[in-house]
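Reader: Hi! I'm new to reading protein structures, and I'd love a close look at one part of this one. Could you walk me through it?

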Amino acid sequence: MIAAERAQGDSEVAKPEVIVLGAGMIGVCTALQLRLRGAEVILVDRRAPGLETSYGNAGIIQREAVEPYAFPRSLAAILKVVRKGGVDVNYHLNALPRLAPQLARYWWSSAPRRYPRAVEAYARLIAHSVDEHAPLIERSGASALIQQRGWRQAFRNPALLERELEDAQRLERDFGVTYQALDADALASAEPALRERLAGAVHWTQPWTVRDPGALVEHYAELYRRLGGGLAEGDAATLRSENGGWRVDTVDGPIAAAQAVVALGPWSAQLTSQLGYRLPLFVKRGYHRHYSSDGPTLEMPLLDTDNGVMLAPMARGLRLTTGAEFAQLGAPSSPVQLVKAERIARRLLPLTTALEQTPWLGNRPCTPDMLPVIGPAPRHRGLWFHFGHAHQGFTLGPASGRLLAELILGEQPYLDPTPYKVERLL
């Protein structure tokens, strides 16, 4: 960690051009893309890079994920959620009154006549996900963490598999997504560790998988440091406008810059509200736990789609991840989904010891229209917003970071930034 410059009025030395608040995948990639373009940057967080939400995902750079997760529309699906009948969704009843306005807008944005617009804007970013990660992986020396073989979406119900294969054909036609269809025999041959015979799978072939997501963020942060980027431990809540620029307190003293980026993931709402922005942000919580295996394990990540259970081989063991839990940020842990998922996973694979005493809990930062916020704050000069990537912050970090870096530096953006402007949420 470098020491932040102490503010000394007009005698302040080497003032950075941009302060980036938040050292998850989004914040680190923002700082890195800025530094690659010659900007002076200080990255500020309360913890080391990659230890929050970026650490806990399934480790997939999801090139196939061109359609964001929509609010369920069928009555049967909604009733299943209400009665907590599956593994994929849970909620805290006492959180629903405060979440109701955001969830209502989420449901509204997921309507069949509105959802395609979200898909169009979302797919533009996703299309660049692997291509933007690739040079950073190579340059940061992280290639040993990566497999370029995709992941598998498995099914128990043959009818569900057929519907997904029809969808896969559509995604291939409309968005260039590639896949392979596996029947029951092909899946059993490809994944001999599976104890149960499943109907088959869709093998999404373009995504890359990462055996340690937090380590990839650390590699990117180390590349940023090698390029001369600064890192400081500080409190984002102290951000304030001062003398036409921005200032934030760190353990080594205040630092100042002409520009500041809010890339705090699920904590972005707290800071933006302090600055007078009432944004309809919310979180989807998720849990994971690692397990050792008594025997062979999976060749690549596999989703038991019927149950919403994701299993991903990691450096530490087999990572079992859950779907979405709707709760207030900071609410007590309630890993009921993980308990249910573990029972299902033990039928699929010879899991033995849980390697953490307490399951990991993270928060996915979400917007009701399913699109991230990328661009300038409308009422504050030199302030930029970069958050709301929901399930795909790990996937979109480099692509989204490049877009914001180009906007900040006045370069021609490689994508039209209009769909991601914060004004749509105000």
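Before we zoom in, how much area does the protein chain expose, and what share of it do carbon and sulfur atoms supply? After that, please take me to strand β15 and tell me which strands it pairs with.

Author: Sure, and one thing up front: this is a predicted model. As for your opening question, the protein chain exposes about 17800 Å², and 51% of that comes from carbon and sulfur atoms.

Let's set the scene a bit more before we get to the strand. There are 11 helices and 23 strands in the protein chain. Its C-alpha atoms fill a box of roughly 70 × 45 × 45 Å along the principal axes. A compact globule of 426 residues would have a radius of gyration near 22 Å, and the protein chain comes in at 21 Å, so the two agree. Of those 426 residues, 56% count as buried. Now take contacts between residues at least 6 apart in sequence: 78% of them join residues at least 24 apart. Charges are part of the picture too: you'll find 47 positive and 44 negative side chains, with the centres of the two sets 6 Å apart.

Okay, on to your strand. β15 covers residues 282-293. Is it buried or exposed? Here 10 of its 12 residues are buried, so β15 is largely enclosed by the rest of the structure. A residue counts as buried when its relative accessible area is under 20%.

Now for the partners. In general, strands of a sheet pair through backbone hydrogen bonds, and they can do that either parallel or antiparallel. With β21 (residues 360-366), β15 pairs in the antiparallel sense over 7 bridges. If you want a spot to click on, try Val283, which stands opposite Pro365 in β21.

Next comes β19 (residues 324-326), which is joined to β15 by 2 bridges and runs antiparallel to it. Look for Arg285 here: its bridge partner in β19 is Glu325. Then there's β18 (residues 318-321), an antiparallel partner of β15 over 4 bridges. In that pairing, His290 stands opposite Arg319. And β20 (residues 351-354) is linked to β15 by 2 bridges, again antiparallel. For that one, find Tyr291, which faces Ala354 in β20.

It helps to hold β15 up against another strand, so have a look at β6 (residues 151-155), where 5 of the 5 residues are buried. Both of its faces are covered: Trp151, Gln153 and Phe155 are buried on one side, and Arg152 and Ala154 are buried on the other. β6 is joined to β8 (residues 200-204) by 5 bridges, and these two run antiparallel; in that pairing Arg152 has His203 as its bridge partner. With β16 (residues 302-304), though, β6 pairs in the parallel sense over 3 bridges, and there Ala154 is matched with Asp304.

One last stop, to see what a sheet edge looks like. Three strands form an open antiparallel sheet in the order β3-β9-β5. β3 (60-61) and β5 (146-147) stand at the edges with a single partner strand each, so one side of each has no neighbour in the sheet. β3 pairs with β9 (residues 208-210) over 2 antiparallel bridges, and Ile60 has Thr209 as its bridge partner there.

Terms used
Residues are numbered from 1 along each chain as its sequence is written. This is a predicted model: local features need pLDDT of at least 70, side-chain atom pairs count only at pLDDT 80 or more; totals for chains, interfaces and linings use all residues. Side-chain values use heavy atoms; hydrogens and water are left out. The radius of gyration is taken over C-alpha atoms; the globule rule is 2.2 Å times the number of residues to the power 0.38. Buried means under 20% relative accessible area, exposed over 50%, partly exposed in between (1.4 Å probe, protein chains only). Contact means heavy atoms within 4.5 Å. Accessible areas come from the Shrake-Rupley method with a 1.4 Å probe; for residues, only the protein chains shown count as cover. Lys and Arg count as positive and Asp and Glu as negative; His and the chain ends are not counted. The place of a charge is taken as NZ of Lys, CZ of Arg, CG of Asp or CD of Glu. Two strands pair if DSSP finds at least two bridges between them.
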